[in-house]
Amino acid sequence: MRRIDEKNRLRVIRLVFSISLIAFGTGFANSQMARAQVAYPTKLWMAIIGEATADGPEGMLAVAVCVRNRLNAGLGVGLVAAHRKDLNRFVKREGRARAILAKRIVQQVFEEGSVPDIIRGALYYDNFEKYGIPKWTKGKQIVILYRQGSHTFFNVKPRRRNAAQ
């Protein structure tokens, strides 16, 4: 049992270290640090696990930054996973290492403000390959800004009407 605990501890250390490298590495590349200006839900870390755990630390970070962008724009969090009936069970199955990582990501993105806008201002994301283009975007122009793992981060613009009409 001691060996398993040591493995998990090392895994957590590696994950926290990798997310710190991502945050600081992108911070030097982009000197404009975006700070959270609004409060966020206390269980946001759980929803981020539900949304992007399969995409690893980078995917979880990108989703957290998207939530920050949405809240700063006056939109809701927009996390479908937050409404999963089995979210608690799912998060528990993902393990303690993922929980610690997700909490650290939320802290860096919302409390410390140490993570720049790596998704270039995107307010929306979806898995286009699996689910296709969202139906609510019909009649709007999709501007793809960033891709991470299975998620595509984007904004929408109303389509311009032809001047002749």
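The following exercises, each with a worked solution, concern a predicted model of a single protein chain.

**Exercise 1. The chain as a whole**

Determine how many helices and strands the chain has, and in what order the elements run.

Solution. Begin with the count: the chain contains six helices and three strands. Next, follow the elements from the N terminus, which gives the order α-α-α-α-α-β-α-β-β. Then turn to burial: of the 165 residues in the chain, 42% are buried. The exposed surface of the chain amounts to about 10,300 Å², with carbon and sulfur atoms supplying 53% of it. Finally, consider the contacts with a separation of 6 or more: residues 24 or more positions apart account for 74% of them.

**Exercise 2. The sheet**

State the order in which the three strands of the open sheet stand, and explain why β1 and β2 each have one side without a neighbour.

Solution. The first step is the order, which is β1-β3-β2, and the pairing is antiparallel. The second step is to locate the edges: β1 (124–126) and β2 (140–148) each have a single partner strand, so one side of each is left without a neighbour in the sheet. The third step concerns the angle between strands: neighbouring strands of this sheet are turned by 35 degrees against each other on average, direction ignored.

The pairing of β2 can then be examined in detail. Eight bridges connect β2 with β3 (residues 151–158), and these two strands run antiparallel. As an example of a bridge, V143 has N155 in β3 as its partner.

**Exercise 3. The largest nonpolar core**

Identify the residues that touch the most other members of the largest nonpolar core, and name the element that gives the most to this core.

Solution. The core has 35 residues, and those touching the most other members are W45, M60, V109, I119 and F153. Now list the elements that give two or more residues to this core: they are α2 (44–52), α3 (56–72), α4 (87–94), α5 (96–112) and β2. Among the contributors, α3 gives the most, with nine residues.

**Exercise 4. A residue in a loop**

Establish where H83 lies and whether H83 is buried or exposed.

Solution. First, place the residue: H83 belongs to the loop between α3 and α4. Second, take its relative accessible area, which is 68%. Exposed means over 50%, and H83 is therefore exposed. Third, relate H83 to A47: the two are 36 residues apart in sequence, while their C-alpha atoms are 8.3 Å apart in space.

Conventions. Residues numbered from 1 in each chain as written. Predicted model: local features only at pLDDT ≥ 70, side-chain atom pairs only at ≥ 80, totals over all residues. Heavy atoms only, no water. Pairing = 2+ DSSP bridges. Helix = DSSP H or I, 4+ residues; strand = E, 2+ residues; numbered from the N terminus. Axes fitted to C-alpha atoms, helices over the stretch in contact; angles between N-to-C directions. Core = buried A, V, L, I, M, F, W, Y, C linked by side-chain atoms within 4.5 Å. Buried < 20%, exposed > 50% of the residue type's maximum accessible area, 1.4 Å probe, protein only. Contact = heavy atoms within 4.5 Å. Areas by Shrake-Rupley, 256 points an atom, 1.4 Å probe, with all protein chains shown as cover.
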